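User: I'm new to this one, and I'd like to learn how to read it feature by feature. Could you show me the general idea each time, then the case at hand?

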Protein chains: 2
Amino acid sequence: MKAVAGSLADSALAAQPSTAAGAGLPTGVELLGRLEGITARRGLGALAARLGDLTDFVAGDLAELEARFLDVAQLDDRVGQATRHLLDLGGKRLRPLCVMLAARLGHDHTNAALDLGVAVELVHSATLLHDDVVDHGATRRGAPAARTVYGNAASIFAGDWLLIEALRRVERCRLPDLLPRLLDTIEAMIAAEAIQLENRGRLNTSMADYLRVAEGKTASVFRWAMQAGGRAGGLDAPVLETLDAYGLHLGVAFQAVDDLLDITGDSTQTGKRLFVDLREGKMTYPLILGLERDRALRPSVEEIVAMPPAAELAHELTDAVTRSLHRSHAARDGLRFARERSQRARAALVSLPAGRARRALETVAEAIVDRDL
Amino acid sequence: MKAVAGSLADSALAAQPSTAAGAGLPTGVELLGRLEGITARRGLGALAARLGDLTDFVAGDLAELEARFLDVAQLDDRVGQATRHLLDLGGKRLRPLCVMLAARLGHDHTNAALDLGVAVELVHSATLLHDDVVDHGATRRGAPAARTVYGNAASIFAGDWLLIEALRRVERCRLPDLLPRLLDTIEAMIAAEAIQLENRGRLNTSMADYLRVAEGKTASVFRWAMQAGGRAGGLDAPVLETLDAYGLHLGVAFQAVDDLLDITGDSTQTGKRLFVDLREGKMTYPLILGLERDRALRPSVEEIVAMPPAAELAHELTDAVTRSLHRSHAARDGLRFARERSQRARAALVSLPAGRARRALETVAEAIVDRDL
């Protein structure tokens with residue numbers, strides 16, 4: 001648990017979040033700079049240096065991506081405003097970064113890669129807009145969720161709209177296989193949401209179901225991002241398979257860290273309230289482990305799941321959960337699981353020629369475990 | 001108003017609704033049989049005979065479409081159930097019928113046409129699932145809306161899922177231009193929903209805005225259906241343009257009749273409660289006309305729009321609206337408008353070679369005005 005929990009202590013030192021819109025989360029290069037700072041302060045000097053190199057490598061691409069995000073959704077009605085509200089709040093832009101790096105492994109068709117990078121972020125944003133309606137989410141990226149400002153209807157239609165905008169961009173690229181794969185990906189995401197909906201509040205959710213959800217909801221998009229970048233870069237089938245494996249493991253690692261941040265994160269950094277997954281009855285990796293290992297955890301979890309969404313969570317209750325997860329080493333093993341998947345993502349790359357792009361992908365997989373947002 | 005209002009008297013005579021699922025609305029051939037009965041009883045013998053011919057012509061296609069609808073959504077979770085719930089309730093299948101007839105104008109690639117017919121119905125179904133969440137809709141096709149049975153979350157994800165299933169089918173057909181056009185169509189639908197959302201409860205909605213919504217939300221899908229069938233039938237560009245014009249006018253006529261049915265329909269036939277559009281603050285063709293012509297209508301409309309969704313509508317209030325719309329001839333002119341658009345749809349076909357498929361399309365355009373659901 002050290003790495004993630006450790007980030008709490010760094011929050012005061014971390015650069016102030018700032019985006020083009022002056023609110024929300026650090027974006028792209030700002031994020032990399034912040035990660036660099038965190039890892040340096042944690043004594044991870046080698047990783048910090050690699051993050052610096054990664055930043056130099058992708059700064060231009062990330063800036064160009066932000067410029068293209070600004071061109072999306074110029075409608076001035078509520079649906080357009082809901083769309084811009086979310087896009088302007090920034091975000092990690094990790095999925096587009098995957099597209100750009102995969103493209104740079106190949107011969108770097110920057111224009112197609114940028115379009116595909118925008119597309120994958122739009123798909124991700126579309127799911128956030130729908131998820132916030134489904135989950136009655138109040139905040140997103142440290143700001144009020146679009147649905148609380150512009151209404152559920154605008155948030156649903158904005159999500160629909162972003163999904164179509166993403167598909168248009170992919171269709172226009174005319175690269176083989178990418179559009180049907182994206183449709184498969186979105187369907188996998190919905191199927192995972194369906195499982196999650198079914199298991200909501202079920203404390204006996206199996207690890208198999210957890211993995212199906214993590215792979216369907218999160219990893220599938222990273223896999224597509226790697227595929228899209230690889231296609232834009234003109235890479236051939238064996239390399240694309242390698243990238244697919246990288247995306248899968250990276251995505252699961254990312255989800256496992258998200259799970260930990262829900263319990264041990266710093267909400268001023270993540271822009272997310274704590275215990276949100278748990279309150280929504282979503283069983284995360286550390287919780288499933290913890291419930292298996294500590295029978296005393298069960299009543300606290302049941303109490304939190306049963307609480308009305310607006311009710312204040314008592315500190316004693318959250319402390320009981322956090323203490324149990326540490327005592328049973330569920331939190332530590334959750335981080336271990338994320339590290340292992342990060343390791344497998346990096347291992348998938350061994351067959352690729354060494355170079356700056358491959359190194360950058362390795363750095364991303366490593367840094368993802370140490371992020372604090 | 002006669003034709004639509006007249007249908008009320010026929011409801012006792014009309015065939016009992018029945019579908020594969022044993023509930024919901026008459027589907028495909030049943031619907032055509034019912035329309036034939038209605039027109040015969042109204043003394044529209046020639047139209048009834050043409051409807052009989054249309055039924056013979058398309059019965060096989062419609063049966064095959066129903067068989068394919070049964071194959072959609074075999075997931076057994078709540079999202080799958082929400083999807084099946086809606087599909088099993090039947091529906092007019094008018095959009096797939098347009099696809100099949102346009103294909104039969106050409107050399108009738110039945111398999112592609114059937115896939116595209118399924119696709120267009122899935123797009124339509126997806127919008128219904130999202131609309132019911134947005135509008136807090138309680139009933140749909142004479143049964144509880146999917147969201148009231150399986151929840152808003154399942155209804156939102158089911159809509160997302162159907163949209164993707166539709167796009168997959170279109171992508172697999174690999175016919176030129178259809179996929180980008182469908183993406184444009186869905187975006188036009190969302191833009192229209194956005195305008196409607198913006199104008200909700202605004203009694204001074206302009207006729208220009210009304211038309212933008214009707215064209216974007218309703219006609220765009222009919223245009224795509226005609227285009228899709230035409231492509232499946234291998235028709236060339238000038239014919240496709242003709243079909244596009246037909247779809248546009250047919251769609252606007254369809255919407256205008258829907259508007260009338262909201263005020264003068266028979267809810268046991270339409271499966272819709274009356275005054276639903278009005279209660280949701282949606283300004284329809286006859287209402288916009290009526291508000292322009294009769295200042296006394298305004299307070300009643302304001303009162304209905306302001307009512308909470310669950311409140312019972314007093315008969316005096318609905319009678320006042322209906323009486324005003326008849327007195328000012330807004331209802332009559334609404335029907336006139338629908339007839340005029342139906343006429344323009346048929347006129348668009350004059351350049352096409354005479355034959356059974358063209359006659360069938362003319363019959364559809366004519367019958368659409370006389371429907372009671």
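**Reading a pair of chains**

Analyst: Let's start with a single residue: B:Asp177 counts as exposed because it has 11 C-beta neighbours inside 10 Å, and 12 or fewer is the cut-off for that label. Keep in mind that this is a predicted model.

User: Where does B:Asp177 lie?

Analyst: B:Asp177 sits in the loop between α8 (152–173) and α9 of chain B. There's something to notice in its backbone too: B:Asp177 is not a glycine, yet its phi is positive, at about 80°.

User: Which residue in chain A other than glycine has a positive phi?

Analyst: Take A:His329, with phi near 60°. A:His329 is also a loop residue, placed between α16 and α17 of chain A. Its label is partly exposed, because 16 C-beta neighbours fall inside 10 Å.

User: So I count neighbours to get the label. Is B:Leu25 buried or exposed?

Analyst: Buried: B:Leu25 has 24 other C-beta atoms within 10 Å, and the label needs 20 or more. You'll find B:Leu25 in the loop between α1 (2–10) and α2 (29–41) of chain B. Folding also brings distant parts of the sequence together here: B:Leu25 and B:Arg141 are 116 residues apart along the chain, but their C-alpha atoms are separated by 6.0 Å.

User: What about A:Asp184, how many other C-beta atoms lie within 10 Å?

Analyst: There are 14, so A:Asp184 is partly exposed. This residue belongs to helix α9 of chain A. Its C-alpha atom is 9.6 Å from that of A:Trp224, a residue 40 positions away along the chain.

User: Now a whole helix. How many residues of α14 (285–293) of chain A are buried?

Analyst: Seven of the nine, so you can call α14(A) mostly covered. The buried ones are A:Tyr285, A:Pro286, A:Leu287, A:Ile288, A:Leu289, A:Gly290 and A:Leu291. Several helices of chain A help to cover them, including α10 (207–232), α11 (237–264) and α17 (330–347).

User: Let's move to the two chains. What rotation superposes chain A on chain B?

Analyst: A rotation of 180°, with 0.0 Å of shift along its axis and an RMSD of 0.0 Å. That is how a two-fold axis relates its copies. Both copies use the same surface, since 100% of the contact residues of chain A recur in chain B.

User: How many residues of chain A are in contact with chain B?

Analyst: Interface size is often quoted as the accessible area lost when the parts come together. Here we can count residues instead: 28 residues of chain A contact 28 residues of chain B. On the chain A side, α4 (78–88), α6 (110–134), α8 (152–173) and α9 (178–198) each supply at least two residues. The biggest giver is α9(A), with 11 residues. By class, the chain A side has 19 nonpolar residues, one polar and eight charged.

User: And how do I read two helices packed against each other?

Analyst: Use the angle between the axes and the distance between them. For α8(A) and helix α9 (residues 178–199) of chain B, the angle is about 160° and the axes are 10 Å apart. That makes the two helices, α8(A) and α9(B), roughly antiparallel, because angles over 145 degrees get that label. The crossing of α8(A) and α9(B) is left-handed.

User: What residue classes make up the contact of α8(A) with α9(B)?

Analyst: The contact includes A:Phe157, A:Trp161 and A:Ile164 of α8(A), and B:Leu183, B:Ile186 and B:Ile190 of α9(B), among others. Its residues divide into 13 nonpolar, no polar and five charged.

User: At what angle do the axes of α8(A) and α6 (110–134) of chain B cross?

Analyst: At roughly 155°, with the axes coming within 9 Å. So α8(A) and α6(B) are also roughly antiparallel to each other. Their crossing is right-handed, whereas that of α8(A) and α9(B) is left-handed. The residues that meet are A:Ala153, A:Ile156 and A:Asp160 from α8(A), and B:His130, B:Val133 and B:Val134 from α6(B). In classes, that contact of α8(A) with α6(B) has four nonpolar residues, one polar and one charged.

Notes: Residues numbered from 1 in each chain as written. Chains lettered and ligands numbered in written order. Predicted model: local features only at pLDDT ≥ 70, side-chain atom pairs only at ≥ 80, totals over all residues. Least-squares fit on C-alpha atoms with pLDDT ≥ 70 in both. Contact = placed C-beta atoms within 7 Å. Helix = DSSP H or I, 4+ residues; strand = E, 2+ residues; numbered from the N terminus. Nonpolar A, V, L, I, M, F, W, Y, C, P; charged D, E, K, R; others polar. Axes fitted to C-alpha atoms, helices over the stretch in contact; angles between N-to-C directions. Parallel < 35°, antiparallel > 145°, perpendicular 65-115°, else oblique. Left-handed = near helix turned anticlockwise from the far one by under 90°.
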